[in-house]
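Subject: The model I promised, with notes

Hi,

Here is the structure we talked about, with the sequence alongside. Have a look at it first, then read on for what turned up.

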Amino acid sequence: MTPAELAEAVLAAAHAVFADRGLDRSALPEQTTVERPRNPEHGDYAATLALQLSKKVGVPPRELAGDLAAQLASTPGIKSVEIAGPGFLNIRLDAAAAGQLARTIVAAGAEYGRGDLLAGLKINLEFVSANPTGPVHIGGVRWAAVGDALSRLLRATGADVGTEYYFNDAGSQIDRFARSLLAAAKGEPAPEDGYGGAYIAEIAAQVTARRPEVLSLDDAAAQEVFRVEGVELMFTEIKSSLRDFGVEFDTYFNEKDLHDRGELEHALTRLREQGHVFDADGATWLRTTDFGDDKDRVLRKSNGEWTYFAADCAYYLDKRERGFDRVVIMLGADHHGYIGRMKAMAACFGDDPAQSLEILIGQLVNLVRDGAPVRMSKRAGTVITLEDLVDAIGVDAARYALARYSSDSPIDIDIELWTRATRDNPVYYVQYVAARTASVGRNAAEVGLTRGEADAFRPELLDHDKENELLKALAEFPAVVAAAAELREPHRVARYLEDLAGAYHRFYDNCRILPRGDEEVTDLHRARLWLNDATRVVIANGLYLLGVSAPERM
RNA sequence: GCGCCCGUAGCUCAGCGGAUAGAGCAGGGGACUUCUAAUCCCAAGGCCGCAGGUUCGAAUCCUGCCGGGCGCACCA
């Protein structure tokens, strides 16, 4: 029996009780849940439905709980129901009903944990979107890990997801980049407002190798060559380092295309139609204060140039016109000031921003060695890059470390910790379970132990404390996936995996799976192998959601 | 000044209104002729920043304050 099935049974019992007592059944919720209590004395699962309903229907909670308990007691699979405290229902399952879950999980395989919570929702998920003026820096890497994990989570809960990287290839940053390349190619010092770092010289050298005639052009023409070629080289490099990191996007969107296709004019027209555009001081403005922004925003400057914000508007409209119900954008904490204007902009288009636009803010990341932040990159100068991080701790540890913390908290990634092969390194702790379960599987095959036919599985034999705890942990996975997707919090999956890993290690320590020496293979060995294999499935499914490998051996 | 985020064990952090607030690390004590000890077990460690409010019930929701981080362009 799964927690979801148990929750349904609780709700069904409530319906029966309400019918018996002649209570108003419209007071009952559509769905309820059961909790996994920390304290084992509180049963396998606890239901708080009686506490929640008592006031609504004017029946004391313990009385209501008593009726529910009486109803539930006769449900197949439930061993006992106790009333505790103010009106908790503490429920214990039969070992057989609990143990069946192992078979359910093994049968479901990669499907276990997936659901349809967000089915029918078309979501555009934009993250990283670093300017092609340098390698991806560590702030962008956080979103590469979290955003990619989130896209996997949203898909696992049924959403139709398009991931997107906004390639900012227009504007003054790119001009600075081009000027820096040109200066480097000519052996001059970097311009005052330009980019430094060894990569500038590398890219400049690649451009001159590809286009040797460039140095004989005048500066304006040469700079244009460096702009076009440099951006392309940089972007190729960014894509390739993200691919090595396990992250690929469905769409790489060029800002330049918005301009070339006249989408800014199109957006301006739409906004004018909605009545939120005005002209002042020679510039064209969007009255975002109509929707709570603290000041109005310029769309087109008095010199005729578009602002970056105008491109944001056009890009948002473009996504909506491509059929996305919800536009999700992941930004660093230094961009949180954008939320107000972005939400207001969506409202200016006539959308309800609460439905159509979600902006997720992530705090900053530091790489730490010997207690002090690493500030300089060998190649990029003042910023730490994706490569620096991967060189320091590897892809799996990097993705796990970035995804295991709430995006609301700043993180320090300690190089020494994340390369350690011990319990205190969470990624090793979790991956070790993947390797252990696989190893048990190999050894089982060697001694002739198999799970056997599914109908020979005897789940009631899984009645050891540690088996029960492991089964309960395995049962939680679908609810964790759903919550993580709904709250956009992939770190919940990582924390869950650590919890599950602990439950497995304790099971392994207390419950011998394989027969020793010349022992006969028994049904208990087989039942435990089902549990071992179910754990391997859930660990692998969970690590997949984080984009981390589930090794067969370590 | 205004806005956003944070404040939980010595340290790093979990905890989308539930019971006696959890985990890892550090420090103390144990378990290796092992199905992978990259593991497990025991003990110890707390005005959940402060003060009010809502609630049967608040670390969690609301208000105010204190402390820390970040941001407030016709920049990109």
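To start with something small: how many bridges join strand 7 to strand 8, and do the two run parallel or antiparallel? Strand 7 (residues 277-280) and strand 8 (residues 283-286) are antiparallel, and four bridges hold the pairing. Asp279 has Thr284 of strand 8 opposite. The hairpin these strands make has two residues between the strands, and Asp281 takes a positive phi there, near 55°.

Before you read too much into any of this: the model is predicted. Mean pLDDT for chain A is 92, and 100% of the residues score at least 70. Among the elements, strand 4 (residues 122-126) has the highest mean pLDDT, 97, while strand 13 has the lowest, 81. As a reminder, coordinates should not be read in detail where pLDDT is low.

Now the overall layout. The domain assignment splits chain A into domain 1 (3-93), domain 2 (122-168 + 248-362), domain 3 (172-241) and domain 4 (422-546). Going by C-alpha atoms, the centres of domain 1 and domain 2 are 46 Å apart.

The UniProt entry is unreviewed, so take its labels as they come. It puts "domain: Arginyl tRNA synthetase N-terminal" at residues 4-93. In the model that span is 44% helix and 18% strand, with its end C-alpha atoms 13 Å apart. The entry, again unreviewed, also gives "domain: DALR anticodon binding" for residues 430-554. That stretch has 66% helix and 0% strand, and 12 Å lie between its end C-alpha atoms. The third label from the unreviewed entry is "short sequence motif: 'HIGH' region", at residues 130-140. Here the chain is 27% helix and 0% strand, and the end C-alpha atoms are 7 Å apart.

On to the strands of domain 1. Strand 3 (residues 88-93) pairs with strand 1 (residues 45-47) in the antiparallel sense, over three bridges, and Tyr45 sits opposite Ile91 in that pairing. Strand 3 also pairs with strand 2 (residues 78-84), again antiparallel, this time over six bridges. Ala84 has Phe88 of strand 3 as its bridge partner. Strand 2 and strand 3 form a hairpin with three residues between the strands, and Gly85 has a positive phi near 55° in it.

There is also an open sheet of three strands with mixed pairing, in the order 13-12-14. Strand 13 (372-373) and strand 14 (411-414) are at the edges with a single partner strand each, so each has one side without a neighbour in the sheet. Strand 12 (residues 365-369) runs parallel to strand 14, with four bridges between the two. One of the partners to look for is Asp412 in strand 14, which bridges to Asn366. Strand 13 is the element with the lowest mean pLDDT mentioned above.

What I'd look at next is the empty space. The second largest pocket holds about 1100 Å³. Its lining has 34 residues, of which Ala4, Thr33, Pro478, Ala479 and Ala482 are the closest to the centre. Where does this pocket lie with respect to the domains? Both domain 1 and domain 4 give residues to the lining, so the pocket lies between them. Helix 1 (3-21), helix 18 (465-486) and helix 19 (491-510) each supply at least two lining residues, and helix 18 gives the most, nine. By class, the lining has 16 nonpolar, seven polar and 11 charged residues.

Then there is the enclosed space. The count is one cavity of 30 Å³ or more, and the largest cavity has a volume of about 60 Å³. Which residues line the largest cavity? They are Met1, Asp44, Tyr45, Leu93, Ala98, Leu101, Asn468, Leu471, Lys472 and Ala475. Helix 4 (95-108) and helix 18 are the elements that give two or more residues to this lining. Helix 18 has the largest share here, with four residues. Seven of the lining residues are nonpolar, one is polar and two are charged. Domain 1 and domain 4 each contribute at least three residues to the lining of the largest cavity. Tyr45, from the strand 1 pairing above, is in the cavity lining too.

Let me know what you make of it.

Cheers

Key. Residues numbered from 1 in each chain as written. Chains lettered and ligands numbered in written order. Predicted model: local features only at pLDDT ≥ 70, side-chain atom pairs only at ≥ 80, totals over all residues. Heavy atoms only, no water. 1 Å grid on protein atoms, 1.4 Å probe; cavity = no way out; pocket = protein on both sides within 12 Å on 5 of 7 lines; lining within 4 Å. Points joined across faces, edges and corners; volume = space filled by probe spheres on them. Nonpolar A, V, L, I, M, F, W, Y, C, P; charged D, E, K, R; others polar. Domains from an automatic or database assignment. Pairing = 2+ DSSP bridges. pLDDT = per-residue confidence, 0-100.
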